[in-house]
Amino acid sequence: MKILTILLSALLLTSCFGDDAPISNAQLGQVTFEKNCATCHGKDGEGIVKDWKKRQADGSYPAPPVNGSAHAWHHSPKTLLSTINNGGAKLGGQMPAFKDQLSEEEKQALLDYMYSLWPKDIQAKYSAQFK
């Protein structure tokens, strides 16, 4: 009986750490952000320029922070998803369209990850308005 318990414990532990373990929504969102967004929006969504409202030399706007310190949280999930899908050119930016680059699951995980970067008070305001 003791050997059976040890074998079952070992089996359970190996299944927890296997490479084929499913990735959580939070992990997927973070990985998607780091791979596709962090270069322009900053490692933690803090932005990479001091004044994201000021046009750059080419006339476009830099990528705004998405950590709750800019305007992303003012927009509905539908609007944010539209920006992810269609890019930021219509808004005066240079963000590329990710419609065909990201799966629907990745896009939703990305929205959830951005939400997780926001301070609790911003999350509460957003949730009250959009969720």
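1. Let's start with helix 5 and its neighbours. In this predicted model, the buried residues of helix 5 pack against three elements: helix 2 (25-36), helix 4 (77-86) and helix 6 (120-130). The residues in question are Lys107, Ala109, Leu110, Leu111, Tyr113, Met114 and Tyr115. Note that a lysine, Lys107, is on that buried list.

2. The geometry of helix 5 checks out. Helix 5 covers residues 104-117, 14 residues in total, and at 1.5 Å a residue it should span 20 Å; the C-alpha atoms at its ends are 20 Å apart, so expectation and model agree.

3. On the overall fold: the protein chain has 6 helices and 0 strands, so to speak an α-α-α-α-α-α run when read from the N terminus. Of its 131 residues, 31% count as buried. If you take the contacts with a separation of 6 or more, 48% of them join residues 24 or more positions apart. The accessible surface is about 9,000 Å², and carbon and sulfur atoms hold 60% of that.

4. Now the core. The largest nonpolar core has 18 residues, and the ones with the most contacts inside it are Phe33, Leu80, Ile84, Leu110, Trp118 and Tyr126. Helix 4, helix 5 and helix 6 are the elements that give two or more residues to this core. Helix 5 supplies the largest share, with 5 residues.

5. Ile84 deserves a look of its own, being among the core residues with the most contacts. Leaving aside residues up to four places away in sequence, Ile84 touches Met95, Pro96, Ala97, Phe98, Lys99 and Leu102, and also Lys107, Leu110 and Leu111. Those last three, Lys107, Leu110 and Leu111, are among the buried residues of helix 5.

6. Then the aromatics. The structure holds 5 aromatic pairs. In one of them, the ring centres of Trp118 and Tyr126 lie 4.9 Å apart with the planes at 70 degrees; the cut-off for edge-to-face is over 60, so this pair qualifies. Are Trp118 and Tyr126 buried or exposed? Trp118 is buried, at a relative accessible area of 4%, and Tyr126 also counts as buried, at 4%; the limit is under 20%.

7. Last, the wider aromatic group. Trp118 and Tyr126 belong to one aromatic cluster together with Tyr115 and Phe130. Tyr115, one of the buried residues of helix 5, has a charged neighbour too: Lys131 lies over the face of its ring, 3.9 Å from the ring centre.

Notes: Residues numbered from 1 in each chain as written. Predicted model: local features only at pLDDT ≥ 70, side-chain atom pairs only at ≥ 80, totals over all residues. Heavy atoms only, no water. Helix = DSSP H or I, 4+ residues; strand = E, 2+ residues; numbered from the N terminus. Expected span 1.5 Å × (residues − 1). Buried < 20%, exposed > 50% of the residue type's maximum accessible area, 1.4 Å probe, protein only. Contact = heavy atoms within 4.5 Å. Areas by Shrake-Rupley, 256 points an atom, 1.4 Å probe, with all protein chains shown as cover. Core = buried A, V, L, I, M, F, W, Y, C linked by side-chain atoms within 4.5 Å. Phe/Tyr/Trp six-rings, centres within 6.5 Å; stacked < 30°, edge-to-face > 60°. Lys NZ or Arg CZ within 6 Å of the ring centre and 35° of its normal.
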